[in-house]
Amino acid sequence: MRGDLEWGSIPGLVRWAAERYPDVEAVVDGRTRISYGELGARVDRAAAACIANGVAAGDRVGIWAPNTLDWIVSALGAVSAGAVLVPLNTRFKGTEAAGVLRRSGARLLFVTGTFLGTSYVASLRRAAERGAGDGVLPGLPALEQVVVLSDDAPADFRTWKDFLASGDAVAQAEVRARALAVPGSAPSDIIYTSGTTGRPKGAVITHAQTLRAYEVWSDLAGLRQGDRYLIVNPFFHTFGYKAGVIACLMRGATMIPQPVFGVDTVLANIAAERVSVLPGPPTLHQSLLDHPARDAHDLSALRLVVTGAAVVPLRLVERLRGELGVGTVLTAYGLSEASGIVTMCRRGDDPAVIASTSGRAIPGVEVRVVDAGGRTAGPGVPGEVMVRGFAVMRGYYDDGAEAEGATAEVLGADGWLRTGDVGVLDEAGNLRITDRLKDMFIVGGFNAYPAEIEQLLGLHPGVADVAVIGVPDPRLGEVGKAYVVRRPGAVLTGDDLIAWARREMANYKVPRTVEFLRELPRNAGGKVVKGELRGR
């Protein structure tokens with residue numbers, strides 16, 4: 001395993017890939033196709049522009065844009081200039097984006113123009129005008145420049161083309177020296193959590209952690225040169241940026257970024273580009289399998305799928321293998337605070353292990369499950385998942401004591417990270433995530449775990465997607481309510497599903513009410529936003 005010892009940093013990896021795979025196709029973005037040699041040159045030019053515009057080592061640089069070639073180039077360019085990357089969720093509204101930019105102290109922002117009918121520039125400006133300061137936007141005093149990844153930009157912002165041109169006077173030797181000066185121990189990025197249970201918090205991860213974690217990921221997944229990787233997972237998420245862009249750089253695989261998830265586009269891309277690798281949340285693969293026009297597309301090149309979430313439907317793995325003929329299907333578990341990867345199945349694992357667990361701890365990482373008193377739980381006994389090892393974050397980033405308090409809440413002096421996830425370890429060390437601690441509800445004294453109930457309800461042939469929450473009940477304290485998306489053509493009723501559930505699970509787990517939705521509210525990482533369901 002090469003890891004950070006050879007590459008040193010992400011800038012070192014970019015240069016290594018450009019030299020190792022100069023003529024290999026690196027990125028396909030619409031009609032644009034570039035090699036790794038060309039990608040290296042573009043990243044150098046973006047780094048030169050960052051240097052010319054005063055970006056210093058350790059400065060935070062934000063990026064608020066969908067999956068595109070320009071995202072890859074601008075992000076890697078900023079990191080190559082020594083900056084700490086702050087990817088922003090494309091689902092954020094202007095106020096949310098401004099909040100992350102303010103708390104991270106970003107000096108420079110790369111932003112898309114109009115995306116999904118929304119002007120991100122206008123949205124950000126409206127939010128930032130509510131404050132006061134001397135920066136380019138009043139409410140963001142640290143922000144000195146905004147670069148629009150487009151041919152057009154407001155007068156006080158810059159276009160991507162103009163920004164790149166501003167670095168043409170910077171010598172190549174200076175760009176290389178800056179990149180070489182980035183140590184592995186330096187922060188490479190601040191990944192903000194999805195915020196499904198509160199305000200997003202920024203996990204600080206270093207270059208060395210990133211390189212080691214995704215060398216492991218690439219090795220366990222079997223990613224290889226010649227693979228064509230459709231990256232639907234958003235780049236602002238670890239699964240998209242690191243298991244996508246960083247992993248492809250390590251192996252010389254071709255990146256095919258897709259800005260918006262749409263099953264028709266996924267099917268078309270797999271067929272047209274002979275896609276062989278398609279990681280993503282279970283909902284992505286489920287919609288692919290259920291699409292009525294699936295058989296009209298040639299999906300035969302698809303050989304590797306990696307999925308993971310709190311709930312992976314038990315039938316999904318078998319369907320990917322059986323119906324699509326995918327040779328390698330793996331499940332994994334991770335969180336932003338642990339570099340995005342904690343456990344992963346291994347190629348050759350029994351299909352039952354892959355279908356029902358998230359695999360074992362990766363090398364260099366320990367996992368244990370503890371009860372409410374902090375005592376280690378035995379095999380098969382649920383408790384909070386704890387993680388320790390090289391992948392665990394330094395802490396949360398923010399000014400003031402808030403970040404210190406938030407870090408101390410989850411990260412002990414002994415290095416063990418509290419994940420907030422409920423899980424079970426088997427005798428072999430395979431982890432099964434059963435829920436979030438905050439999602440658990442108590443029915444007449446019994447602990448009910450929504451993810452477990454969701455897995456069982458997902459076995460009903462009429463259920464395409466399901467989420468369960470606890471709702472108040474005058475007699476039992478709380479009971480379950482299920483939000484269900486029917487499969488196409490299904491005529492399932494709430495009474496039908498409740499009656500079926502009574503035959504399949506303990507009575508306290510059975511939802512008392514069922515509400516049918518066209519789709520569940522999910523964040524861009526694929527997680528159900530249960531706060532929105534509770535708000536209903």
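**Exercise 1. Determine which residue of strand 15 stands opposite V306, and place the two strands concerned in their sheet.**

Solution. In this predicted model, V306 stands opposite L330, a residue of strand 15. The next step is to establish the sense of the pairing: strand 14 and strand 15 run parallel and are joined by four bridges. These strands belong to an open sheet of four strands, ordered 14-15-16-17, in which the pairing is mixed. The edges of the sheet are held by strand 14 (304–307) and strand 17 (360–361); each has a single partner strand, so one side of each lacks a neighbour in the sheet. As general background, strands of a sheet pair through backbone hydrogen bonds, in either a parallel or an antiparallel manner.

**Exercise 2. Decide whether T328 is buried or exposed, and list its contacts.**

Solution. Begin with the location: T328 lies in strand 15, which spans residues 328–333. The relative accessible area of T328 is 16%. Buried means under 20%, so T328 is classed as buried. Leaving aside residues up to four places away in sequence, T328 touches A221, R303, L304, V305 and R347.

**Exercise 3. Describe the sheet with the order 18-19-21-22, and identify the bridge partner of V367.**

Solution. This sheet is open, has four strands and shows antiparallel pairing. Strand 18 (365–370) and strand 22 (431–436) are the edge strands; each has a single partner strand, so one side of each is without a neighbour in the sheet. From one strand to the next, the twist averages 45°. Turning to one pair, strand 18 is joined to strand 19 (residues 383–389) by six bridges, and the two run antiparallel. Within strand 19, V387 is the bridge partner of V367.

**Exercise 4. Characterise the surroundings of L284.**

Solution. L284 is located in helix 12, which covers residues 282–290. Its relative accessibility is 4%, so L284 counts as buried. With residues up to four places away in sequence left out, the contacts of L284 are V232, F261, L278 and P279. For a distance across the model, take A98: 186 residues separate A98 from L284 along the chain, and their C-alpha atoms are 30 Å apart.

**Exercise 5. State how many disulfides the structure holds, and whether C50 is buried or exposed.**

Solution. A disulfide is a covalent bond between the sulfur atoms of two cysteines. The structure holds zero disulfides. C50 has a relative accessible area of 0% and is therefore buried. C248 is likewise buried, at 0% relative accessibility.

Key
Residues are numbered from 1 along each chain as its sequence is written. This is a predicted model: local features need pLDDT of at least 70, side-chain atom pairs count only at pLDDT 80 or more; totals for chains, interfaces and linings use all residues. Side-chain values use heavy atoms; hydrogens and water are left out. Two strands pair if DSSP finds at least two bridges between them. Axes are lines fitted to C-alpha atoms, for helices over the stretch in contact, and angles run from 0 to 180 degrees between N-to-C directions. Buried means under 20% relative accessible area, exposed over 50%, partly exposed in between (1.4 Å probe, protein chains only). Contact means heavy atoms within 4.5 Å. A disulfide is a pair of cysteine sulfur atoms within 2.5 Å.
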